[in-house]
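Me: I have a structure to go through before I set up any calculations. Could you look at it with me?

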Amino acid sequence: MKRIKGLIILAIILIALPILFPNNYFITVVGTAVALHAVLAISLNLLMGYAGQISLGHAAFFGIGAYSSAILTTQHQWNPLLSIGAGMLITGIIAFVIARPILKLKGHYLAMATLGFGIIVSIILVQAGNFTGGPDGLSDIPPLALFGWTISSDFHWYVVMSTVLLLIVWLVNNLIDSRSGRALRALHGSEVAAEMMGINTTSVKTNVFVLSALIASFVGSLFAHQQAFISPDSFSFFFSIELVTMVVLGGLASTYGAIFGALVLTFLPELLVVFEDYEVMVFGGILMLMMIFMPQGLFVALENLISRLYRNYFNPPLPVPASDGENHDVA
Amino acid sequence: MTLLKVEGLLKSFGGVTAIADLDFEVPEGVVYSIIGPNGAGKTTLFNMLSGIYIPDEGSISLNGKDMVGLSPHKIARSGVARTFQNLQIFFNMSVLENVLVGCHLRIKENLISTALRLPMAVREEAKAKQWAIDALNFCGLGEYISSPSDALSYGVLKRMEIARALAMKPSIIMMDEPAAGLNDTETAEMLSLIRRISESGITVLLVEHNMNLVMQVSDRVLVLDYGSRLAEGSTEEIQNNPQVIAAYLGTDTNDGVIGTKTGGSHYAV
Ligand SMILES: Nc1ncnc2c1ncn2[C@@H]1O[C@H](COP(=O)(O)OP(=O)(O)O)[C@@H](O)[C@H]1O
Ligand SMILES: [Mg+2]
């Protein structure tokens, strides 16, 4: 029930905002960016927060999706929808191929390997100028059209990205609360115990890595069609770190926390113009402070605080439920 | 009928021989205990039986099927469950969810219906939840069903690990020192729990230092010393075996403890 409640609240907020503030730049443009970042943070959180596998290269998959769409539509005149699918296919294959060797590593080694992967991809984006346009990037990426409806205005994109966000939240939460979701969380808790429960931990790791890459690739393609112009800057190592910061800020293993992290880190630079020059420093600082003082994340800390206050003021303490009989048979 | 058969098993770590040329057979339906001082190789044996370590030599067969070289998740599939000497809890999940992970192999799942939460998936979840609740009740943990797992006492966590293993519906369960660190009341509860598990038809492989418990609950006992077999037999045979008595320094088994009872293995599993 909690699952549905969060989703409904999120939907109400997303619908109410443009009604309360019509034609507002913050709502449409920044709101769209928040939704996009939120989807990316949620996908990274699947891997980092739930499965406990760190990735410092998530922006690479976002980039592969974006560039696949951009190259296929501008240089080969593919239909944008088809190019999104092709981007996901390419990303899926790459993720699948690197997953096994990379995910054998743990902790710092895994962090370094994913970091290396992210850097390699961004170097390729800059160097393979014939395809990628080099540091200048690619422009004139055609807009997306759905059933004859061309998504062009900022508001259209707000609607599309919000819908994607709601859909992803729903799907991810369904997954987390299922056999597969528990298997990937078990990985985080104890790999050896997970194996002993019959979970093939190697394949679960591969699957969640590929799934998280596919989601990133999908929104990468959307991003390319939305912006009509992309350059390697958007997919650099720094963006990977920004995504990690969002996840950590919101609280690992919390889908709504990831949205919260995306919200804060997308709005901050908009509010503080000076922020831009010090962006990376601020992200680094936030990461350090969070790890030291609030490893469970800001969102989760707030959530706990609110529910504690709520309990104290509105509900008397619950009586302890009586122990059930001991003689049920498991067999 | 023999359920588990171990022949010529050998495992060494660098210069240390943890298990040396070990043979034993576990008949189906019994409580089979493995005792021996710390460092005797009991946990190493469990790790080989469950596929975590690969033996250097020897064979392990379950129901006549060779198990050596299979990964733990494949061994789990053949009906082997275990608990750990130093707990392996999924602290990021609730008690119920921990035990639901134990139901992993019994749950039928279709990814599409799971992602869209179709009625089929909801029904399967409800069924699994009932299995997990039954396992928790069986272990006397009914009151902890909705607790988070990181706020529970050691004794409760030990029983939760057993509930999680039972949720697999195994044919054999291996318990590594289930009574270690428990007080007298908890130990008595553990004894009755092991009996109930055995009565429900599951073969029990038990590693335990508490001799009172071992002698009360076991059908057969294997005594390990430096990785090899010192003695094997019924509880009376073991209690009257001169070699066993000698090895445990004129042990007065009445105090219920043979061998050292301090600490445990220093290894991860
Ligand atoms: N992973 C390992 N690496 C090195 N030595 C080990 C390892 N696991 C166990 N040992 C050694 O094997 C011997 C048996 O240990 P163990 O199986 O834990 O004994 P027990 O469970 O009977 O107390 C000990 O000498 C221990 O030091
Ligand atoms: Mg041990």
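Reply: Here are some notes on the metal site, the cysteines and a surface patch. This is a predicted model, in which local features need pLDDT of at least 70, side-chain atom pairs count only at pLDDT 80 or more, and totals for chains, interfaces and linings use all residues. Residues are numbered from 1 along each chain as its sequence is written, chains are lettered from A and ligands numbered from 1 in the order in which they are written, and side-chain values use heavy atoms, with hydrogens and water left out.

Me: OK, which protein donors does the magnesium ion have?

Reply: Ligand 2, the magnesium ion, has B:Thr43 (OG1) and B:Gln85 (OE1) as its protein donors, at 2.0 to 2.1 Å. Donors are N, O and S atoms within 2.8 Å of the metal (3.2 Å for Na, K and Ca), and water is not among the atoms, so sites may look incomplete.

Me: And where do B:Thr43 and B:Gln85 lie?

Reply: B:Thr43 is in helix α1 (residues 42–49) of chain B, whereas B:Gln85 is in the loop between β6 (80–82) and α3 (95–102) of that chain, so the pair ties together parts 42 residues apart in sequence. Helices (H or I, at least four residues) and strands (E, at least two) are DSSP runs, numbered from the N terminus.

Me: Are B:Thr43 and B:Gln85 buried or exposed?

Reply: Both are buried, where buried means under 20% relative accessible area, exposed over 50%, and partly exposed in between (1.4 Å probe, protein chains only).

Me: Switching topic, how many disulfides are there?

Reply: Zero over all chains, counting a pair of cysteine sulfur atoms within 2.5 Å as a disulfide. The sulfur of B:Cys103 has its closest cysteine sulfur in B:Cys139, 12 Å away, which is too far for a bond.

Me: What about the burial of B:Cys139?

Reply: B:Cys139 is buried, at 2% relative accessible area, and B:Cys103 is buried too, at 0%.
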